[in-house]
Amino acid sequence: MRDKLILEFWDRKSFFKTKEYYSSVKNLINEKIKEDFDGGDITTDSLIDKNKEIKAVILSRGEGIVAGIEEVSLMLNEEKVTVLKKDGNEVKNKDIILEINGNARKILAYERTLLNIMQRMSGIVTAVYNIKKSIKNNCLIAATRKTLFPLIDKKAVSVGGALTHRLTLNDAALIKHTHMKIINNDLENALRLTAENDRIKYIEIEIKNEAEALKAAEAISNLKSEKLFAIMFDNMECSMIRNSINEINNMINKNNDEKLKNKILFEASGEVNENNIEEYSKTGVDVVSIGLITHSSKAVDMSLQVR
């Protein structure tokens, strides 16, 4: 039951099979190509006949996990693309990822954009894989909204087996410290107002200490709402998170509120890295969110070569 609720609350991977996602990818590709290609490619236009057909390959220049195959295929929809490595496959140096047969001018015009997308997405997937190795229990990891290309970054996170968290500000309510400061830190009122909004199905609140955590849980209990809630322990030490969860569980048991047990989920966030994520995963949280998989992942080096 709880596993299903965790996925419902923090994962949006089904979006990546929708027309809306494909449309957003095409818009991003068109935007990046226009940035690079506005006015034409004076070198290629001077040297290569407009009808010239070529075969090219994209190959890895290092080791990592591949992503971005579907996105690149959308970009090259008029060319023949032969996929040799699928999203989630491991690659080593000089492995061929895909072959492209088509118009030389178009392939060269798209070269930098398709490599940028694949390298970034592959870097994110590789970072997720490496982070997951650090966790020896069932705790899941999730991305944050610290992204460069929001939707394709989150797609890469999903390919790596992590949870997407929110894709947009409309996905779920996340009551942050900035909201709380503006409304005079009225925690109970913040939870009540979001719970009363019919558009909102999932509600999460950031807390910064044990007292706030227990206060949030009590407020959620008093609301008697049918919505799903989560408490985010933001920039808190592991011992404080563990104590907070124990106190909340004791409160639930004391009140004999079985329904509440699966209505409050727990997330740890802030200052999490590959060195301490295992410790955070053992605190009792359901999810650990980690920004570095999208804001600091190292791209997997790739190149396009004509054969």
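Q: In this predicted model, which residues is I231 in contact with, leaving aside its neighbours within four places in sequence?
A: Contact here means heavy atoms within 4.5 Å. In this predicted model, the partners of I231 include I205, I207, I220, I248, I264, L265 and F266. Three alanines also touch I231: A213, A216 and A217. E204 and E267 complete the set.

Q: Why look for groups of buried nonpolar side chains?
A: In soluble globular proteins, such side chains tend to be buried together. In this protein, the largest nonpolar core holds 86 residues. I231 is among the members that touch the most others, along with I58, M118, L191, F233, V285 and I293.

Q: Which helix gives the most to this core?
A: Helix 5, residues 104–132. Its share is 14 residues.

Q: What does the second core include?
A: L5, L163, Y202 and A230 are among its 12 residues. This core is separate from the one above.

Q: How many helices and strands does the protein have?
A: There are 13 helices and 12 strands.

Q: What share of contacts links residues 24 or more positions apart?
A: Take the contacts with a separation of 6 or more. Such pairs make up 76% of them.

Q: What can be said about burial and surface?
A: Buried means under 20% relative accessible area. By that cut-off, 50% of the 307 residues are buried. The exposed area is about 15,600 Å². Carbon and sulfur atoms supply 47% of that area.

Q: Where do the mean positions of the charges lie relative to each other?
A: They are 3 Å apart, for 47 positive and 46 negative charges.

Conventions. Residues are numbered from 1 along each chain as its sequence is written. This is a predicted model: local features need pLDDT of at least 70, side-chain atom pairs count only at pLDDT 80 or more; totals for chains, interfaces and linings use all residues. Side-chain values use heavy atoms; hydrogens and water are left out. Helices (H or I, at least four residues) and strands (E, at least two) are DSSP runs, numbered from the N terminus. Buried means under 20% relative accessible area, exposed over 50%, partly exposed in between (1.4 Å probe, protein chains only). Accessible areas come from the Shrake-Rupley method with a 1.4 Å probe; for residues, only the protein chains shown count as cover. Lys and Arg count as positive and Asp and Glu as negative; His and the chain ends are not counted. The place of a charge is taken as NZ of Lys, CZ of Arg, CG of Asp or CD of Glu. A nonpolar core is a set of buried Ala, Val, Leu, Ile, Met, Phe, Trp, Tyr and Cys residues joined through side-chain atoms within 4.5 Å.
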